[in-house]
Amino acid sequence: MKAILLCLATLGLVSAQTPDIVGNWQGPLMAGAQQLRTVLKVDRNGGNLTAVLYSIDQAPNPIPVAQISLQNSVVKFAIPALGATYEGRMAADGTSITGNVVQNGNPMSLTLVRSTPATAWAIPEPPPPPVQIAANKTVHLEVATVKPSAPEARGRLYTFRGDLVMAINTSVINVFTFAYDVHERQVSGLPPWASDEKFDITIKPDTPGQPNLAQMKKLFQEVLVDRFQLKFHVEKRQLAVYAITLPAGKPHKLTKSTTAGDLPSLLYPRGGLLPARNATMSDLAQSMQTAVLDRPVIDKTGIEGRYDFTLDWMPDETQFASFGPVGKLTDNGKPSIFQAFQEQLGLKLEGVQAPADVMVVDKVTKPSDN
């Protein structure tokens, strides 16, 4: 079982008829033959719930997930990056939550009990931050290992282990879309195994330190070419896409960023909330395409530069679907994503037919033994 549940910072509604969920919870996640100690810390910010979830036997670092709610004693949350959801029922006395984590249709038991300072499991201290490779350094692949993922592995994850770059439980199509910043609809000609078979990939760069996101994607491009013998060409085709545009004669509502030297930040603390910082319109389109929408997204705004903005909306069932089913969503009273683009950003998001790059695969093979 590879990386399972880690950070949560999300919205939830609490029913007056149920005990308060705020507090610290812990219990073993039954992942096949493994028992992974899981800690959930829940707090309230105003009327909203916030929570952090750790799998302390695997890693001390949390990973953001999508949403949490408590209604009529039923607790739900989702972890999109791992394709996981949780649903459980809180006991009448508010001391335990009994339920299951589901990843790729496979349930795993997770019963949480309230902890106290005397009973709480210790969460390991995170390791010191790694040395970053200089952003202007060209990084290449030194060596890569590719192995079939364990049959019981659930979800997928791109991560680091020291200086090593890792992809866990990923298919060729997953790695392709991540490495080349394209939507699955922009990839043509892959055989069925490239979607069905999952691999664990470990990369050692030729430069000491931890690469940034752009360098990381370049390394995965080299792995696809070196280990999977990938060859493709690019064609322009008419596709159903979403276009982001600036309505004629109207100003946008974006705030010019004052942190131009920093890396862009486009993280989702919950499904439907994007507090973006130092982001270009191309960054916004890529984030929408990768994490949120069910088709490619193109930037047609003509807006240059980097901006700070917050996009806050009510997701529908088609959004965030690439990470796995999120179940029935609780209406948070926010506008749709289309209304939010217009009201909050002064931009327009609309479905159109447009020419888009399509990566047509000429060759791809299963990797040889390491």
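These legends walk you through several close-up views of one predicted model.

**Figure 1. The whole chain at a glance.** Let's start with the overview before zooming in. The chain has 370 residues, and 48% of them count as buried. Five helices and 19 strands make up its list of elements. Among contacts in the chain with a separation of 6 or more, 70% link residues that are 24 or more positions apart.

**Figure 2. How confident is the predictor?** The average pLDDT of the chain is 85, and 88% of the residues score at least 70. Take care at the start of the chain, though: pLDDT stays under 50 over residues 1–16. The model still has 88 contacts beyond four places in sequence for this stretch.

**Figure 3. The largest nonpolar core.** Here you can look into a core of 31 residues, the largest nonpolar one in the structure. In soluble globular proteins, nonpolar side chains tend to be buried together. Which residues have the most contacts inside this core? They are Phe 176, Ile 201, Ile 203, Phe 220, Leu 224 and Phe 228. The elements that give two or more residues to the core include three helices, H1 (172–180), H2 (193–196) and H3 (213–228). The strands that do so are S9 (141–148), S11 (164–170), S13 (199–205) and S19 (348–363). H1 gives the most, with seven residues. A second, separate core has 28 residues, including Leu 274, Phe 309, Ala 340 and Phe 341.

**Figure 4. Ile 201 and its neighbours.** Now zoom in on one residue of the largest core, Ile 201. Leaving out residues up to four places away in sequence, Ile 201 touches Thr 145, Val 146, Val 165, Met 166, Ala 167, Thr 170, Val 175, Phe 220, Val 223 and Phe 228.

**Figure 5. The second largest cavity.** The structure holds two cavities of 30 Å³ or more, and this view shows the second largest, with about 30 Å³ of space. What lines the second largest cavity? Its lining is made of Thr 170, Ser 171, Val 172, Val 175, Phe 199, Ile 201, Leu 224 and Phe 228. H1, S13 and H3 are the elements that give two or more residues to this lining. Sorted by class, the lining has six nonpolar and two polar residues, and no charged ones. You may recognise Ile 201, Leu 224 and Phe 228 from the list of core residues with the most contacts.

**Figure 6. Two residues with a positive phi.** Asp 181 is not a glycine, yet its phi is positive, at about 55°. Asp 181 sits in the loop between H1 and strand S12 (187–188). Is Asp 181 buried or exposed? With a relative accessible area of 32%, Asp 181 is partly exposed, because that value falls between the cut-offs of 20% and 50%. Gln 229 is also a residue other than glycine with a positive phi, near 55°. Gln 229 is placed in the loop between H3 and strand S14 (231–245), and at 35% relative accessibility it counts as partly exposed.

**Figure 7. Gln 35 and its contacts.** Our last stop is Gln 35, which is found in strand S2 (residues 34–45). Gln 35 counts as exposed, because its relative accessibility is 52% and the cut-off for exposed is over 50%. Not counting residues up to four places away in sequence, Gln 35 touches Pro 28, Leu 29, Met 30 and Asp 57. Gln 35 and Asp 57 are 22 residues apart along the chain, and their C-alpha atoms are separated by 8.9 Å.

Definitions and conventions
Residues are numbered from 1 along each chain as its sequence is written. This is a predicted model: local features need pLDDT of at least 70, side-chain atom pairs count only at pLDDT 80 or more; totals for chains, interfaces and linings use all residues. Side-chain values use heavy atoms; hydrogens and water are left out. A nonpolar core is a set of buried Ala, Val, Leu, Ile, Met, Phe, Trp, Tyr and Cys residues joined through side-chain atoms within 4.5 Å. Buried means under 20% relative accessible area, exposed over 50%, partly exposed in between (1.4 Å probe, protein chains only). Helices (H or I, at least four residues) and strands (E, at least two) are DSSP runs, numbered from the N terminus. Contact means heavy atoms within 4.5 Å. On a 1 Å grid over the protein atoms alone, a cavity is a set of points where a 1.4 Å probe fits but cannot get out, and a pocket is an open set with protein on both sides within 12 Å along at least five of seven lines; lining residues have an atom within 4 Å of a point. Grid points are joined across faces, edges and corners, and a volume is the space filled by probe spheres set on the points. Ala, Val, Leu, Ile, Met, Phe, Trp, Tyr, Cys and Pro count as nonpolar, Asp, Glu, Lys and Arg as charged, and the others, Gly among them, as polar. pLDDT is the predictor's confidence in each residue, from 0 to 100.
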